[in-house]
Amino acid sequence: MIPTPDLSHLKSEDYRHIYEPADAHELRRLKPLVCLEVGSGSGCVSAFAGAILGPSTALYLTTDINPYACRSTKATGSQNRVPIEPICASLTNPIRARLRHAVDILLFNPPYVPTETDEAEEAQHDANIAGAWAGGQDGMEVTDILLGQVESLLSEKGRFYLVAVKQNDIEGICNKMLDQYGLKGEVVLQRRAGREHLYVLRFTRQ
């Protein structure tokens with residue numbers, strides 16, 4: 001069994017600005033060259049990916065709009081001997097062109113909680129912890145932007161893993177990705193976390 005990454009370096013003050021993560025989901029072994037996590041928060045998921053794949057086998061990139069999250073991600077990588085390179089940015093904006101069809105593993109745990117549009121926009125603008133959960137209408141306003149970028153990022157063998165909740169319309173997401181981008185989606189994991197019914201979706205090229 002692969003252990004959950006060591007987060008002992010993070011203090012209670014850090015969790016005022018980022019979410020304390022749940023257990024990361026195991027990724028399939030693809031011998032990837034490039035792994036990209038969007039919205040890395042504490043860096044736990046990328047560190048876990050590094051523990052599975054081996055820190056020397058891939059380039060680990062992350063983005064987050066929250067500078068506290070970027071610093072925590074870097075520290076989590078160092079704590080777990082995974083060379084994560086965090087970028088303080090919104091989604092994939094500054095790196096999308098350079099990573100065109102080059103990402104083998106793309107990970108996104110988005111702000112999926114349904115809120116008013118104004119609340120989601122303010123959270124993204126302020127780049128604070130609210131940006132990790134305020135998802136706008138149907139919890140999909142931020143996710144929809146990233147979904148439009150996925151096909152251009154994924155390599156031929158690429159896998160995109162997306163966390164969603166029932167209110168996000170899982171079937172609708174899968175239909176959209178297939179009809180508009182030719183990416184096949186399936187539920188690879190689901191579980192209840194308190195009142196939330198969480199899903200992990202995996203998308204691949206047909």
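**Exercise 1. Describe the link between S6 and S7 in this predicted model.**

Step 1. Strands S6 and S7 form a hairpin. Two residues lie between them.

Step 2. Look at the turn. Gly-194 sits there, with a positive phi of about 65 degrees.

Step 3. Check the direction. S6 and S7 run antiparallel, joined by ten bridges.

Step 4. Pick out one facing pair. Gln-190 stands opposite Tyr-199 in S7.

**Exercise 2. Put the strands of the sheet in order, then find its edges.**

Step 1. Count the strands. Seven of them form an open sheet.

Step 2. Read across the sheet. The order is S3-S2-S1-S4-S5-S7-S6, and the pairing is mixed.

Step 3. Go to the edges. Strand S3 (84-88) and strand S6 (183-193) stand there. Each has a single partner strand, so one side of each is left without a neighbour in the sheet.

Step 4. Add the twist. From one strand to the next, the average is 15 degrees.

**Exercise 3. In which sense do S4 and S5 pair, and which helices pack on the sheet?**

Step 1. Locate the strands. S4 covers residues 103-108, and S5 covers residues 154-165.

Step 2. Give the sense. S4 and S5 pair in parallel, over five bridges.

Step 3. Find a facing pair. Ile-105 stands opposite Arg-159 in S5.

Step 4. Turn to helix H4, residues 141-153, which packs on the sheet. Helix H4 touches strand S1 (34-38), S4, S5, S6 and strand S7 (196-205). The direction of H4 makes about 165 degrees with that of S5.

Step 5. Do likewise for helix H5, residues 170-181. This helix also packs on the sheet, touching S5, S6 and S7. The direction of H5 makes about 160 degrees with that of S6.

**Exercise 4. Find the largest cavity and say what lines it.**

Step 1. Search the whole structure with a cut-off of 30 Å³ or more. One cavity is found.

Step 2. State the volume. The largest cavity holds about 40 Å³ of space.

Step 3. Name the lining. Cys-35, Leu-36, Glu-37, Ser-46, Ala-49, Tyr-60, Leu-61 and Leu-107 line the largest cavity.

Step 4. Assign the lining to elements. S1, helix H1 (44-53) and strand S2 (59-64) each supply at least two residues. The largest share, three residues, comes from S1.

Step 5. Sort the lining by character. Six residues are nonpolar, one is polar and one is charged.

Notes:
Residues are numbered from 1 along each chain as its sequence is written. This is a predicted model: local features need pLDDT of at least 70, side-chain atom pairs count only at pLDDT 80 or more; totals for chains, interfaces and linings use all residues. Side-chain values use heavy atoms; hydrogens and water are left out. Two strands pair if DSSP finds at least two bridges between them. Helices (H or I, at least four residues) and strands (E, at least two) are DSSP runs, numbered from the N terminus. Axes are lines fitted to C-alpha atoms, for helices over the stretch in contact, and angles run from 0 to 180 degrees between N-to-C directions. Contact means heavy atoms within 4.5 Å. On a 1 Å grid over the protein atoms alone, a cavity is a set of points where a 1.4 Å probe fits but cannot get out, and a pocket is an open set with protein on both sides within 12 Å along at least five of seven lines; lining residues have an atom within 4 Å of a point. Grid points are joined across faces, edges and corners, and a volume is the space filled by probe spheres set on the points. Ala, Val, Leu, Ile, Met, Phe, Trp, Tyr, Cys and Pro count as nonpolar, Asp, Glu, Lys and Arg as charged, and the others, Gly among them, as polar.
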